[in-house]
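Q: Could you walk me through how to read a few features of a protein model, from strand pairing to helix packing? I'd like the general idea and then the case at hand.

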Amino acid sequence: MPDTTPENREFAGYCLPLRGESDKLLSETDRGTPMGDLLRRFWHPVSLSRDAGKKPGLVRVLGEDLVLFRDGGGNIGLVHKQCPHRRASLEFGRVSERGIRCCYHGWHFDTDGTILDIPGQPASVETLDKVKQNCRLGAYPTCEFRGLVFAYMGPPAEIPEFPHYDAYDIPDMVMSPYMAEFSCNWIQVLDAIVDPLHTAFLHERQFTEGFGTVGEYEFYERDKIRFLGTATRRVKDNVWVRVNELILPNFTQSGAAFSTDGTQRRLFGRSAFTRWVVPVDDVRCIAYAWGNFGERGDPHVFNTPEGMERMEQGEPINRSYSERQESPGDVEAVEGMGRISDHFAEHLVASDRGIALYRRRLKKLCRELDKGKPPPQPASLNSGAIHTYGSDTVVEAPARAGLADTELLRSVNEQVMTAIFNGDRYSGERRDQHICSSLQTLENGFRNS
Ligand code: FES
Ligand SMILES: [Fe+2]
């Protein structure tokens, strides 16, 4: 019997709500909100290194207005914007050999927020020392790594080790830092990484032809903070297994953008980008990343500003409205949802399972932190770097008579993922070799069966 509720009939525009409601637990990231507190337990990139210079720069991260600079000694300062004396903005401060001096009355601060000098005061040394002891400029620890500046903005006693991913150690890979800004909530941008189906539609003609094929989709949840979304596609006699990866709260990788189309054999090719989606505030975010170029990543010819924009979102970023309509990229898809998407008005289906899984886990981590349990940090499975899985594998696996191809694709997916997971007991190049030789053995079996 047809459903005749007003919301479920033809021309139901008048009956349906114009707006839903955002999921505040996911979308709000100011200090004191559950997600804001969770995010503050991790290192995040906050700037490109080249933007940390002698001139103080304004940056906004997790709803906080901050000032970034590099002093004469080469140390990076990431400090609260407002001077603790009478609140002048340090964006107009003077960066010195050590730290920064406020423009208004010359208070001088070190990069860790310590007051070095309060000039022009008749008070005794003791009184000045007391002010220095009781007053600080808010500052955050930073770590500069391969052209990106990372910061930790959480409780000082809980600072985690700076995580070292295996993506940093791939031989002959050139890593070029970039950033891409989005005028919408960070979750909208993060969602895309565990949504492998969207590439078959949004990116149908933007990367390589193979992306336009709808495949079989599978999702894996591992270690409580790692989510993988795989797309397995048939390209003639080959099967292409692409693995997109999210490590909570916001680290993302996938396979290559341009060097894989499923026609060429590839065993555990690595991610085109290593990337974090960092909230600026609740209605803006920035993807900070490295584009990865080399035999295991994307071709060096794409190591240009435009190449990285295309890698990030399928198309160059600054385009006319008609160009954006003609061929929308990720920016158009995610910003078009509005500044903060109405999660309670969504209708998730099977291909959104990865999104549902990771959002649920993210909310759980928030609730656990609220009860005093700190979130798990990305950790090494052995003594080496932290394993990552974003990759492309293309093996020859011709269709078989008497076996539905969807069944075959699912089986290849399962076997390829098992081979990749079995490499967990090794690290670095040894892991790579182990995975590649297991995939080779699998492929021999696919060819001969
Ligand atoms: S407001 Fe900064 S020194 Fe006075
Ligand atoms: Fe995309």
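**Reading the model**

Q: Let's begin with a bridge: which residue stands opposite Gln253 in E17?
A: In E17, Gln253 faces Thr274. This is a predicted model, where local features need pLDDT of at least 70, side-chain atom pairs count only at pLDDT 80 or more, and totals for chains, interfaces and linings use all residues. Residues are numbered from 1 along each chain as its sequence is written, while chains are lettered from A and ligands numbered from 1 in the order in which they are written.

Q: What do the element names stand for, and how many helices and strands are there?
A: Helices (H or I, at least four residues) and strands (E, at least two) are DSSP runs, numbered from the N terminus. Here the protein has 10 helices and 19 strands.

Q: Which strands pair with E17, and in what sense?
A: Two strands pair if DSSP finds at least two bridges between them. E15 and E17 pair in the antiparallel sense, over three bridges. Strand E18 (residues 284-293) is also antiparallel to E17, and eight bridges join the two. Thr274 turns up again here, standing opposite Trp290 in E18. E17 and E18 form a hairpin, with two residues between them.

Q: Is E17 enclosed or left open by the rest of the structure?
A: Burial is a neighbour count: a residue is buried if 20 or more other C-beta atoms lie within 10 Å of its own, exposed if 12 or fewer, and partly exposed in between, with C-beta atoms placed from the backbone. In strand E17 (residues 273-281), eight of the nine residues are buried, so the strand is largely enclosed by the rest of the structure. Across the protein, 45% of the 449 residues are buried.

Q: How do I read the order of an open sheet, and where are its edges?
A: Take the three-stranded open sheet E1-E10-E9, whose pairing is antiparallel. Strand E1 (43-48) and strand E9 (142-145) are at the edges; each has a single partner strand, so one side of each lacks a neighbour in the sheet. From one strand to the next, the twist averages 30 degrees. E9 and strand E10 (residues 148-152) run antiparallel and are joined by four bridges, and Glu144 stands opposite Val149 in E10.

Q: Which other open sheet can I practise on?
A: Try E2-E3-E4, an open sheet of three strands with antiparallel pairing. Its edges are strand E2 (57-61) and strand E4 (76-80), each with a single partner strand, so one side of each is left without a neighbour in the sheet. Neighbouring strands of this sheet are turned by 35 degrees against each other on average, direction ignored. Strand E3 (residues 64-70) and E4 run antiparallel, joined by five bridges, and Leu78 in E4 is the bridge partner of Leu68.

Q: What backbone oddities should I look for?
A: Most residues other than glycine have a negative phi, and most peptide bonds are trans. Arg146, in the loop between E9 and E10, has a positive phi of about 45 degrees; Arg146 is exposed, with 11 other C-beta atoms within 10 Å. Asp223 also has a positive phi, near 55 degrees, and sits in the loop between strand E12 (216-222) and strand E13 (226-235). Asp223 is partly exposed, with 13 other C-beta atoms within 10 Å. For a cis bond, look at Leu248 to Pro249, where omega is near 10 degrees; Pro249 is in the loop between strand E14 (238-247) and strand E15 (251-253).

Q: How do H9 and H10 cross?
A: Axes are lines fitted to C-alpha atoms, for helices over the stretch in contact, with angles from 0 to 180 degrees between N-to-C directions. The axes of H9 and H10 come within 8 Å and cross at roughly 155 degrees. H9 and H10 are therefore roughly antiparallel (over 145 degrees).

Q: Which residues are in contact with Ser427, leaving aside its neighbours within four places in sequence?
A: Two residues are in contact if their C-beta atoms, placed from the backbone, lie within 7 Å. Ser427, in the loop between helix H9 (405-422) and helix H10 (428-448), is in contact with Asn382, Gly384 and Ala385.

How values were computed:
Angles under 35 degrees count as roughly parallel, over 145 as roughly antiparallel, 65 to 115 as roughly perpendicular and the rest as oblique.
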